[in-house]
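The exercises below are meant to be worked through with the sequence and the coordinates open side by side. Each one sets a task and then gives a solution in steps.

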Amino acid sequence: MRKEFRLPDVGEGLTEADIVSWHVKPGDTVTINQIIVDIETAKAVVELPSPYAGTVSALLVDAGQTVDVGTPIIAVEVPGADDGPTEQEPARQEPETAEDAPQDTPPARQPVLVGYGVKPGSTSRRPRKKPPTRPGSYPATPSMPGAGGGQGAGPASPPRPPFPSGIQLPPGVPAPPRAPSAGQTRSRALAKPPVRRLARDLGVDLGGLAGTGPEGLVTREDVERAADAVTAAPGHGPQAGAAAQAAPGPAAEERIPVRGVRKHTAAAMVASAFTAPHVTEFLQVDVTETMAATRRARELPEFAGIKVSPLLFVAKALLIAAGRHPMINSSWDEAAREIVVKRPVNLGIAVAAERGLIVPNVKGADALPLAGLARAIDELAATARAGKATPADLAGGTITITNVGVFGVDTGTPILMPGEAAILAFGMVRDMPWVVAGELAVRKVTTLSLSFDHRIVDGELGSAVLRDVGSMLEDPVRMLAWS
Amino acid sequence: MAIPPYGHHEKEWHLTAETIQLLTPEGERVDHPEYPLDGADVRGMYRDMVLVRRIDSEAIALQRQGELGLWASLLGQEAAQIGSARALSPKDMAFPSYREHGVAWCRGLDPLRLLEMFRGVTHGAWDPEEHKFHLYTIVIGDQTLHATGYAMGIQRDGGEDEAVIAYFGDGATSQGDVSEAFAWASVFNAPLVFFCQNNQFAISAPPERQSRVPIYQRAAGFGFPGIRVDGNDVLACYAVTRQALRAVREGEGPVLIEAYTYRMGAHTTTDDATRYRLASELEAWRLRDPIERVRSYLARTGEADGAFFEQVAAEADELAVKLRADCLALPDPPPLALFDHVYAGHNAVLDAERAQYAAYLAGFEEKGAGR
Amino acid sequence: MTRITLSRALNEGLRRALEADEKVMIMGEDVGRLGGVFRVTDGLQKDFGEHRVVDTPLAESGIIGTAIGLALRGYRPVCEIQFDGFVYPATDQIVSQLAKMRSRSRGRVALPVVIRIPFGGGIGAVEHHSESPEIFFAHTAGLRVVACADPADAFAMIQLAIAGEDPVIFFEPKRRYWDKAEVDLTAPPSDALPLDKARVVQPGDDVTLLSYGPLVRTCLEAAIAAREDGKSIEVIDLRSLSPLDMETITASVARTGRCVVTHEAPVYGGLGGEIAARVTEQCFYHLEAPVLRVGGFAVPYPPARTEDHYLPDLDRILDAVDRTFTY
């Protein structure tokens, strides 16, 4: 039977060796341990003894060649039974790499030699039967043993020593009452961290949700569905909450829980109002020309199917003014003690949704053509009103406009969106007596109010911005001149 | 600066009055008044040395053939090991380093256990108490403290006829643990023989880099006797060790024996000794071969004849063939065995790891793909 | 029930162990005649003799190395390393030999050695006397690592450690040696919580606070303070650092959704990291916030006058608790 001797690793991880000189040739008889070849490794010249007794049938590599560990270097014809392995061959598992398999000729199977040092790398994976599972997770359902318990020990767990278990409390401090102990499970929803964040942003309470994911996991879709349901179904929202909670018969007071959007809006307002020093300036503007422009724009094919309102022109005017006075589109970074002037203008539009006031923003509004801006505002407002605004829509705004005219008032002192430097409000467009070229006339007039962060925007800048907006609304041709 | 240079310089090895020798390199008997030689089975010692040398050379060949990852050869040190080991009584406990294959042989440990270790099937697993031969200790010098503690245990449970022998090399004498062992054994008067095989090398470092004085003199600093013996003289090693054990058993406290020998092979099969060893030195020590001098003695005195030597040689060949076959037949441990025997008790973290790895392995398509 | 210090409770536990098995030995520097620098072995040499309670040479590697030899001979040595910072010379014998020998011998050799180490700071000491080296040993397979926190538990734990067949590194919070509590000295250790289990020492609902050794008491004090903030903290004494009792930990975090780990050892590479990884993996869907860790800074233990800035205290722990509520 033909046996091949493969170059072994003769020293702790050597990967190749040079054949220095052969001591035998084909046809020679060899005994076990007879020195057959000298090899040279990176460390030393080493004599290799033959593992076989028999006749040399071939020298498989030449003197002078550099050979990788594992390469067959000599073939020896070993006398003995030709069927199957000899008694020298072990019947054991051989840790072969994928590369070894094709080289073997089945009847003369070489025992794999150990000590071959560094395994050759591989760039293919071993095929798997099934994908990995998620091991070792805490059991999700309360019915599983150990879930919800505080001790984790089996039925034979020894009694707990009395609190404070050997700790001497400071004098005069009474021992606290026992908190609800094992067995009283808090109903807590299971959700991944990003989904929890989404729920918070959308004002969805996870606790009441039934999760549709594995093991009752609340998924992203579950949260979004719950957020939609809040706005879509009548009778929901803070007003509905109030109605549901109103007791039959007259009550002394009504308590409406502050939840969801209202809670977050309130928090934002508080944060903004009590951090940034607000100054509000007012300007009454003759917007007759803007109203005419609005009517004419509606007729243009570019604006077909899009809602066009004076809001569009106020927005455009503010965008142009921000381009002229970039400082108005900025933010106060308290931690870094820097004013961050932002480049694109992400224009926030205040939308009254059923759940409350939300302010999505049009990203890069300053770069949009008028029709594009109109479409963006239109879509954003519709989405917001339907309760489908995404966290991305709601984040990243840099300046805001709000139309208080829809509420039937002239003006107000708007509160800045947190992180912004200015907010522009405009009120009802009224027919008002106005002086035009020295004569009384009936004109369309509205009041603009601009609140700004006085840390960033001084009176001169704020006034300049307000004045610019007003000028553009008086004569829309100025928008063309200034953009 | 006067830092002594590194390396083996030509030095005259000479028999000093302080080195015990009972058999010259030429095979002639020398008597020493303090070390009588009675009941020495010289033929048995010869046979042991030849068989152990053959096991050693077979193991080197197996390593060169890729069947062992490594082998630490004892070539040249057979007399020190066989001589000292034959002086032990069956109840004595031996603590080897990792080269004491001769001591293992005398203690009755199957040499296959040693091959398993160097093949990587185990880390050297046997029951120390079964053959009174502790596991091999690779960290240099650690075993001297284990031996000391064991001897302290003997003191407590009244094993009056029990003693301990700790084997270590010249390099180990620099290790802190060896000094600590000397200190403890001496202050507690422990029944322990420290047997240092000074084979002239700690890989490439000479003994002069480990100690300014001859090693056997180190014991004086700790207050116990130190003796130097010709480490290539099996009779002297036997007699001196036997004497030391007698003293130790009588409660005289520890003894240090320095067996002055020579490592004829490399440190291990990955070492290239030609880089630091003088060829002339190797030649000089060949003339002091431990087995040759016993053979000469046996032949000259007629205690053994040609038939005996042939028989021993044949026995060595048979042993080599069997060892080779057994080695090649050693199965690799199954993959999950790596989780066994780490703790006596249950460890939930390890159990979980085992379960996860088992599940991972079961997830592959090929059945029985051992990796 | 008797009201005794932690030091005394350990002493009583050692005494029980010496009485229960004649193979039990105590060895270490100054443990015999002096009774130990913290008096933990006080009176034992007088009652059990100098061959069972051994004053050793000043050599930590020697203490552990000879203990291994004694264990090979059938003894059950309880070694004392006098201070945490002095264990390092023994590290080779502990890691290379003590931890590995059962595995190396494939189960034929047992080394039931206990190594007692007073650890931690807060005692105004000089350098090397306030270390927390437990992670080095928790990271070493083959060792069990535990830390006691109060007298009653310590009395049981030391007996359990000695009775077990595995090597145990037994950490004792030195600044708590003089804390007193009621201990039932007649309680058999078999009744006690097993050595590999954690204990809920104060139940709570809002956040799980994990610790061991000296800071367990600090955590309990923090739990009291937190009540004024309206927060209910569940304090768990880990007791076993290797292996960790994940069952108890995850049961708690699944309920509270928040977890803080605190130890004196540096946060960087400390046990808190291992716990955080496991809790995150096993309680991912239950977590309201990431696992936070409060521990020493990545600096060598500072001089006594600044150690209060290094050691976690009630305020730093509660600050971390607060931060888990900001997510």
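A polar contact is a pair of N or O atoms within 3.5 Å; within protein, one of the two must be able to donate a hydrogen and the other to accept it. The structure is a predicted model, and the exercises should be read with that in mind.

**Exercise 1. Describe the surroundings of Asp271(B), and decide whether Asp271(B) counts as buried or exposed.**

Step 1. Begin with the position in the fold: Asp271(B) is found in the loop of chain B that runs between β6 (255-260) and α10 (279-286).

Step 2. Apply the cut-off for burial, which is under 20% relative accessible area. Asp271(B) has a relative accessibility of 16%, and therefore counts as buried.

Step 3. Search for polar partners of the side chain. The side chains of Asp271(B) and Tyr276(B) are joined by a polar contact of 2.4 Å, and a polar atom of the Asp271(B) side chain lies 3.0 Å from the backbone nitrogen of His267(B).

Step 4. Complete the picture with the residues that Asp271(B) touches when those up to four places away in sequence are not counted: Ile203(B), Arg263(B), Ala266(B) and Tyr276(B). Tyr276(B) thus appears both in this list and as a polar partner of the side chain.

**Exercise 2. Characterise the interface of chain B and chain C: how many residues does each chain bring to the contact, and what area is buried?**

Step 1. Count the residues on each side: 42 come from chain B and 46 from chain C.

Step 2. Turn to area. The size of an interface is often given as the accessible area lost when the parts come together. Here the area buried between chain B and chain C is about 3,400 Å², with carbon and sulfur atoms giving 59% of that area. On the side of chain B, the residues that lose the most area to chain C are Arg156(B), Trp184(B) and His341(B), which together account for 19% of what that side buries.

Step 3. List the polar pairings. Across the interface of chain B and chain C there are 22 residue pairs in polar contact, counting pairs with both residues at pLDDT 80 or more, and the salt-bridge rule finds 2 salt bridges. One salt bridge is formed by Arg73(C) with Asp157(B), whose closest N and O atoms are 2.7 Å apart.

Step 4. Assign the chain B side to helices. At least two residues each are supplied by α5 (128-131), α6 (142-156), α7 (176-187) and α13 (348-362) of chain B, and the largest share, 10 residues, comes from α6(B). By residue class, the side of chain B that touches chain C divides into 19 nonpolar, 12 polar and 11 charged residues.

Step 5. Examine one of these helices, α13(B). With 15 residues, α13(B) reaches 21 Å from its first C-alpha to its last, close to the 21 Å expected at 1.5 Å a residue. At its start, a side-chain oxygen of Asn347(B) reaches to within 3.0 Å of the backbone nitrogen of Val349(B).

**Exercise 3. Locate salt bridges within helices of chain C, and state how far apart the partners are along the sequence.**

Step 1. Recall the principle: side chains of opposite charge can pair when their charged atoms come close.

Step 2. Take helix α10 (residues 271-282) of chain C, which holds both Glu274(C) and Arg278(C), 4 residues apart, about one turn of the helix. Their side chains meet in a salt bridge with an N to O distance of 2.6 Å, and Glu274(C), at 35% relative accessibility, is partly exposed.

Step 3. Take next the salt bridge between the side chains of Asp319(C) and Arg323(C), at 3.1 Å from N to O. Because these two residues are 4 residues apart in helix α12 (residues 314-324) of chain C, they are separated by about one helical turn. Asp319(C) is partly exposed at 38% relative accessible area, and Arg323(C) is likewise partly exposed at 36%.

**Exercise 4. Which residues does Val235(C) contact beyond its neighbours in sequence?**

Step 1. Place the residue: Val235(C) lies in strand β11 (residues 233-237) of chain C, and is buried, with a relative accessible area of 1%.

Step 2. Leave aside the neighbours within four places in sequence; the contacts of Val235(C) then include Val201(C), Leu209(C), Cys219(C) and Leu220(C).

Methods. Residues are numbered from 1 along each chain as its sequence is written. Chains are lettered from A and ligands numbered from 1 in the order in which they are written. This is a predicted model: local features need pLDDT of at least 70, side-chain atom pairs count only at pLDDT 80 or more; totals for chains, interfaces and linings use all residues. Side-chain values use heavy atoms; hydrogens and water are left out. Contact means heavy atoms within 4.5 Å. Buried area is the accessible area (1.4 Å probe) that two parts lose on being put together, summed over both. A salt bridge is a side-chain nitrogen of Lys or Arg within 4 Å of a carboxyl oxygen of Asp or Glu. Ala, Val, Leu, Ile, Met, Phe, Trp, Tyr, Cys and Pro count as nonpolar, Asp, Glu, Lys and Arg as charged, and the others, Gly among them, as polar. The expected span of a helix is 1.5 Å times one less than its number of residues. Buried means under 20% relative accessible area, exposed over 50%, partly exposed in between (1.4 Å probe, protein chains only).
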